[in-house]
Structure formats: structure tokens, C-alpha cells
Amino acid sequence: MSVHLHLLAATAARVLRQARHDRRTLAIVLLVPLVLSFLLSEMFDENAELLDRVLLQMLAVMPLILMFLLAAVGMVRERTSGTLERLMTTPAGQVDVILGYAAAFGLLALVQVAVATLFSYFVLDMEVAGSLWLVLLTAVFGGLLGVSMGLLAASVSHGEFQAAQLMPATTIPQIVLCGLFGPRDQMADWLYWLSSAFPLTYVVEALEEVGRYAEPTSWYWISLGISVAFVLALLILASAKLRRRTD
């Protein structure tokens with residue numbers, strides 16, 4: 001399974017050019033997380049400790065949701081328009097295409113996370129024990145999980161609507177059980193073990209470790225490593241399932 005870096009880069013550059021000229025996409029990437037964070041700050045204004053925890057966890061949750069939708073709909077649209085079919089008549093393989101899309105949407109996720117994190121830090125006064133760069137590093141994997149899940153959903157979908165339908169089915173259970181609404185160790189045993197099978201859980205737990213401790217702990221690195229493994233596994237599955245066009 002070879003990777004053609006120049007074809008991968010060309011695919012990523014084309015996707016980024018399209019996103020740059022799509023004002024709605026830019027608004028989703030840049031503004032929606034800020035609005036949601038501000039609303040949360042108003043809701044939990046009287047409880048600073050709870051607000052810090054929620055804002056930190058949302059830095060994983062929001063990129064997952066938004067990047068899933070952008071990646072899934074963008075990939076399916078390319079298939080229905082025939083762009084993907086034409087691309088794959090070139091030496092570009094499925095891996096080149098998937099990784100090109102992952103690189104492009106991953107960069108968008110990085111921008112989104114950076115803007116949302118800086119907004120939470122310097123405007124909403126979010127306080128965490130760890131360093132800012134660890135928050136950024138960890139939160140990016142929430143976006144990358146969304147990208148990889150979205151690309152896999154697009155690879156097995158027959159249209160944009162079907163890809164969008166997969167979003168709530170795959171993300172809502174993860175959001176409910178990741179610890180956002182209460183500690184995982186207080187869940188029923190079967191819910192705890194179910195949540196342990198979800199990739200978002202490990203991004204949230206890694207962020208919680210950054211929130212609690214000034215230096216990265218061993219569990220932080222384990223959680224981050226598991227998140228990386230999930231991203232790679234999902235991209236491999238997306239490459240294997242990718243079809244040239246939607247019938």
C-alpha cells in the first residue's frame with residue numbers, strides 16, 4: 001500500500017481551496033464553536049469550576065461533530081459530482097485520496113481548535129493546570145476523530161443525506177457517555193465498559209488530565225495514544241471501503 005505524497009498534497013490543496021471560498025464552511029469552522037462556548041459561559045457563570053470542566057470537554061466534542069459533518073458531506077459531494085471518479089483514474093489511489101482529505105480537514109480542525117481554545121482561555125477565562133500547548137495538541141484529536149469518522153461514513157454512504165444520518169447514530173452515544181454529563185466511574189458498569197469502546201472518551205479523558213495536572217501524566221499519554229490508534233484505524237477502514245462514485 002504505497003502513498004504518493006505529491007498526489008496526497010494536491011488533493012489536500014484542492015479541498016482547502018474549495019473550503020476557503022465557501023463562507024458557510026468558514027463560518028462553521030470559526031464562529032460556531034465561539035458562539036457555543038459563549039453560551040455555555042453564560043449558563044454556568046455562577047460555577048467557575050464546572051464551567052472550566054465543560055469548556056475543556058467541549059474542545060473535544062465540538063470539533064468531533066463539526067468536522068464529521070464537513071468531511072462526510074464534502075467527500076460524498078465529490079463522489080456524486082464525479083470529481084472523485086476522475087481523480088481515481090489518475091495514479092492516485094484510495095489511500096492518497098483519504099489521506100489528502102484527512103490532511104485538508106485536519107488543518108481546518110487545527111484552525112478551529114486553536115481559535116476556540118484561545119477564545120476559551122483569553123476571553124472566557126478558562127483555567128487549567130496544564131499547559132496551553134497540551135490542550136491544543138489534545139483537542140486537535142477530537143477534530144481528527146471527527147474527520148476520520150466522517151470519511152468512513154462517506155465511504156459507506158450512498159448520498160449526503162445518508163452520510164448525515166450516520167452522524168447522530170455514531171456521535172451522540174459517544175457524547176452522552178464520554179463523561180460530559182457526569183463522571184464515567186459513576187455510571188452503571190455496562191455503560192462504563194461501553195464508553196470505554198468509544199474513541200471520544202479518550203480525548204476527553206486526556207483533556208481532563210491536562211485540566212487537573214500541571215505535567216502530563218502516564219494516563220494522559222495512554223489516552224492520547226489510544227486516540228491516535230482510533231484515528232489511524234478509522235482512516236484505514238475508510239480507505240478500504242471507499243468507492244469511486246455514488247450510484
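## Order of helices

Read along the sequence, the protein runs α-α-α-α-α-α-α-α-α-α-α. That makes eleven helices and zero strands. The model is predicted.

## Burial, surface and contacts

The protein has 247 residues, and 51% of them count as buried. About 11,900 Å² is exposed, with carbon and sulfur atoms supplying 67% of that area.

Among contacts in the protein with a separation of 6 or more, 78% are between residues 24 or more positions apart.

## A nonpolar patch on the surface

Five named residues make up a nonpolar patch on the surface: L30, L31, L107, L110 and V111. Together they have about 390 Å² of accessible area. Helix α6, which covers residues 94-122, gives the most to this patch, with three residues.

One of the patch members, L30, is found in helix α2, residues 23-30. L30 counts as partly exposed because its relative accessibility is 30%, and the partly exposed class lies between under 20% for buried and over 50% for exposed.

## Salt bridges

Side chains of opposite charge can pair when their charged atoms come close. In this protein the count comes to three salt bridges.

E205 forms one of them with R184, and the closest N and O atoms of this pair are 2.3 Å apart. The pair links distant parts of the chain, with the two positions 21 residues apart in numbering. E205 belongs to helix α10 (residues 199-212), while R184 sits in the loop between α8 (160-177) and α9 (189-195). Both E205 and R184 are buried.

## A network in helix α10

Which residue forms a salt bridge with E208? The partner is R212, with the closest N and O atoms 3.9 Å apart. Both residues lie in helix α10, four residues apart, which is about one turn of the helix. E208 counts as buried because its relative accessible area is 17%, and buried means under 20%.

R212 also meets the side chain of E209 in a salt bridge, at 3.2 Å from N to O. E209 and R212 are three residues apart in helix α10, again about one turn of the helix. E209 has a relative accessible area of 11%, so E209 is buried as well. Through shared partners, the salt bridges join E208, E209 and R212 into one network.

How values were computed:
Residues numbered from 1 in each chain as written. Predicted model: local features only at pLDDT ≥ 70, side-chain atom pairs only at ≥ 80, totals over all residues. Heavy atoms only, no water. Patch = residues over 30% accessible without salt bridge, like charges linked within 9 Å, V, L, I, M, F, W, Y side chains within 5 Å. Areas by Shrake-Rupley, 256 points an atom, 1.4 Å probe, with all protein chains shown as cover. Salt bridge = Lys/Arg side-chain N within 4 Å of Asp/Glu carboxyl O. Buried < 20%, exposed > 50% of the residue type's maximum accessible area, 1.4 Å probe, protein only. Contact = heavy atoms within 4.5 Å.
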